[in-house]
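Please look through the sequence and the model shown here, and then follow the paragraphs below, which go from the whole chain to single residues.

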Amino acid sequence: MKEIEALQAIAHELQHITKALAPAIQQTLGFGAAPKSQVWVFCNRKNAGVWYTLDSQSQPVNIEQPALTGYIRK
């Protein structure tokens with residue numbers, strides 16, 4: 001019985017933490033302008049960053065934002 005009460009207390013605290021952090025971690029997803037052409041994004045730490053694209057001479061161009069947010073559908 002005490003284990004169940006302890007787990008319920010933990011769940012209650014986690015709900016409070018989630019509600020407190022929700023505004024900070026909420027991301028806006030939705031429609032936006034389409035890129036002018038297909039954009040390939042690569043992930044590799046050897047190019048002085050994590051995310052990058054390639055320019056017209058196939059040279060890496062870093063994407064400064066540290067995270068990619070969205071939903072993977074397939």
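**From the whole chain to one pair of rings**

A good residue to begin with is F42, which counts as partly exposed because its relative accessibility is 31%, a value that falls between the limit of 20% for buried and that of 50% for exposed. Before we return to F42, it helps to see the whole chain, and to keep in mind that this is a predicted model.

The protein contains one helix and three strands, and anyone reading along the sequence meets them in the pattern α-β-β-β. Of the 74 residues in the protein, 3% are buried, while the protein exposes about 7,500 Å², of which carbon and sulfur atoms supply 59%. If we take the contacts between residues at least 6 apart in sequence, 10% of these join residues at least 24 apart.

How are the three strands arranged? They form an open sheet with the order β1-β2-β3, and the pairing in this sheet is antiparallel. Because β1 and β3 each have a single partner strand, they stand at the edges of the sheet, and one side of each is left without a neighbour there.

We can now follow the pairings in turn. Strands β1 and β2 pair in the antiparallel sense over two bridges, and C43 has W51 in β2 as its bridge partner. Strand β2 is in turn joined by four bridges to strand β3, which covers residues 60–63, and these two strands also run antiparallel. Here L54 has P60 in β3 as its bridge partner. The hairpin of β2 and β3 has five residues between the strands, and in this hairpin S58 takes a positive phi near 60°.

The loop between β1 and β2 is where V50 is found, and V50 counts as partly exposed because its relative accessibility is 24%. Which residues does V50 touch, once its neighbours within four places in sequence are left aside? They are F42, C43, N44 and R45, so that our starting residue, F42, appears again as a contact of V50. V50 can also be placed relative to I63, since the two are 13 residues apart in sequence, and their C-alpha atoms are 7.8 Å apart in space.

On the other side of the hairpin of β2 and β3, we can turn to N62, whose place is in strand β3. N62 is partly exposed, because its relative accessible area is 31%. Although N62 and Y52 are 10 residues apart along the chain, their C-alpha atoms are separated by 4.2 Å.

This brings us to the aromatic rings. A pair of such rings is described by the distance of the centres and the angle of the planes. The structure holds one aromatic pair, and it is formed by F42 and Y52, whose rings are stacked, with 5.4 Å from centre to centre and 25° between the planes. The pair links distant parts of the chain, since F42 lies in strand β1 (residues 42–43) and Y52 in strand β2 (residues 51–54), 10 residues apart. Is Y52 buried or exposed? Y52 counts as buried, because its relative accessibility is 10%, which is under the limit of 20%, whereas F42, at 31%, counts as partly exposed.

Methods: Residues numbered from 1 in each chain as written. Predicted model: local features only at pLDDT ≥ 70, side-chain atom pairs only at ≥ 80, totals over all residues. Heavy atoms only, no water. Phe/Tyr/Trp six-rings, centres within 6.5 Å; stacked < 30°, edge-to-face > 60°. Buried < 20%, exposed > 50% of the residue type's maximum accessible area, 1.4 Å probe, protein only. Pairing = 2+ DSSP bridges. Contact = heavy atoms within 4.5 Å. Areas by Shrake-Rupley, 256 points an atom, 1.4 Å probe, with all protein chains shown as cover.
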